[in-house]
Amino acid sequence: MTEKQQIQNIVLKKNIGDRIRYRTRLTASVDCIRFLIRQGLAFRGHDESEDSTNQGNFLELLNFLADHNEEVRVVALKNALENLRLTSPKIQKDIVNAFDESRDVSIKEQMVVMFRYVNKKGYVIESFIGIEHVANTTANECAFFVHCFAHQLQLALMGVAKKHGLIVSNVVNIVGASSKRRDILREKQALKVIEALKSGELSSGKGLNQEIGIKRPCDTRWGTHFGTLVSFITMFLSIVDVLEKIANDRLNSEQKHEASIMLRLVQTYDFVFSLHLMKTILGIMNELSQVLQKDDQDIVNAMDLVKVCKQQLQMMRDTGWNSLVDAVSDFCVGQNIDVLNMENMYCAQGKSRRKAPKLTNMHYYHVDFFNAVIDLQLQELNSRFNEANTELLLCLACLSPNNSFSAFDKRKLIRLAQLYSYDFSTADLRVLENQLQTYVDDLRSNDKFSELKGIADLAKRLVETRKYVVYPLVYLLIKLALTLPVATASVERVFSAMNIVKNQMRNKMGDQWLNDCLTVYLEKDVFNAIDNEPIIQRFQNMKTRRGQL
């Protein structure tokens, strides 16, 4: 072998060794980033210098991996060329990028972009695409959309709950202001339960009388308001005891005055009446609120649930007064609170009797309070859910397979197809008119379609039985209906995830960096199915790299 050939072999071996070491180092960085982004953790630390006691999650994890993997240790960090360590913030962002109407903590108006579609098996799929910074959230007038029913329910409850739940929120804030106060509340409640068990007021048994606490209600989760009111009623005596302790605390004057005011207010008939009224109203809405948080809810079921809630509220207004007053009176007697005589004249707290309007307690609590609150709630529901009366939703309801396709109306379904002029030509509409009648007669006589509970179930069964091939235009209508969501649970989860990924410590994340992190964090099923090799190849092809594979 000539000297020239020997030199070429040495260079070749060195190049091969460099490539192997580079791949090992890059794979280690990819593995660390996989873990961090899957858990929604920050990458960088405040001080990433070599003598820092905490270099940040990425470098600390890479150090841990090197300490436990000899193959990584010999090529990574200090054992790599300083300009080829693959640990810089820019490298981290490139690797994450290779995996590929709210405000976040940076106070930007942002919109979640998601694809909602029906797959080949008839299942509704929602996939996160990204977060887009927008100047305004005005919808395209050409697009069909339905406002999120869950958000509309929130808006309908907001006015009533905030107006009549302020005292409860203030008391919860005072009582739960510290761990010490929460511990005192739990101890006092435990003693009350023991006393009630001894006196026979409560029954003992498996799963009964478990320890409960009281949580602050969340503005965007109205189910928490109902839970807070239930806990407040259950723990009323214990809450009063804690307020008394705070109000009489001579050593600590913080919130002492506010606790004294709240103590006086909660021990009044007016507060107890408001507490029980709001608990009943929110209890009626609670099931609807819980159901609308599910991402598989369809329009027909949502419309039915809204209708049921309206009926229950109207029934409460018509026949629920006496039962509510009895419940309030019994509660007041048990808590040693004065029960009002409904025939006496009403006088608002803090107002002169001479200037007060001349009306009885019965008139105020029944007409001005009970009826007025329920009427306001019904008015809000009718206003917020007016889409249920629009042509689009009424037409969509005709696709429901419930009760052997009892809602089927060929004329309305033809009209629905006409609304989607880009999907149905004039010739398609003529074919659809004949296809619809054959379709409904066929499915009504088929036992496999007799117990379906919604449009989503119908789409799946059509694919399972291959009927979607026989009635392609009808199936297209069904798919279009399923792409209109009535609840944005998936979108809400994106913003919840954003609070994890982009927290107060990471509020300067750019839009692209945030999008890359959220996409991988949310689409874990897709992320887990991606092998390291395509990630490494894409990272390498983004630009010219010093290291070569």
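## Surface and burial

Accessible areas here come from the Shrake-Rupley method with a 1.4 Å probe. For this predicted model, the accessible surface of the protein chain comes to about 31000 Å². Carbon and sulfur atoms account for 50% of that surface. The chain has 549 residues, and 42% of them count as buried.

## Secondary structure

The protein chain contains 25 helices and three strands. Two of the helices, H13 (321-334) and H14 (361-384), flank a loop that carries Tyr346.

## Aromatic pairs

The count of aromatic pairs comes to 17. One of them joins Tyr346 and Tyr364 in a stacked arrangement, with 3.9 Å centre to centre and 10° between the planes. This pair links distant parts of the chain: Tyr346 sits in the loop between helix H13 and helix H14, while Tyr364 belongs to helix H14, and the two are 18 residues apart.

Tyr346 has a relative accessible area of 15%, so this residue is buried. Tyr364, at 19%, is buried as well, because the cut-off for buried is under 20% relative accessible area. Tyr364 also pairs with Phe369: the ring centres lie 6.0 Å apart and the planes meet at 70°, so this pair is edge-to-face. Phe369, like Tyr364, is buried.

## The ring cluster

Tyr346, Tyr364 and Phe369 belong to a cluster linked by ring pairs. The cluster also takes in Tyr269, Phe273, Trp321, Tyr365 and Phe370.

## A charge over a ring

Arg545 lies over the face of Phe539. The distance from the ring centre is 3.7 Å.

Definitions and conventions:
Residues numbered from 1 in each chain as written. Predicted model: local features only at pLDDT ≥ 70, side-chain atom pairs only at ≥ 80, totals over all residues. Heavy atoms only, no water. Helix = DSSP H or I, 4+ residues; strand = E, 2+ residues; numbered from the N terminus. Buried < 20%, exposed > 50% of the residue type's maximum accessible area, 1.4 Å probe, protein only. Phe/Tyr/Trp six-rings, centres within 6.5 Å; stacked < 30°, edge-to-face > 60°. Lys NZ or Arg CZ within 6 Å of the ring centre and 35° of its normal.
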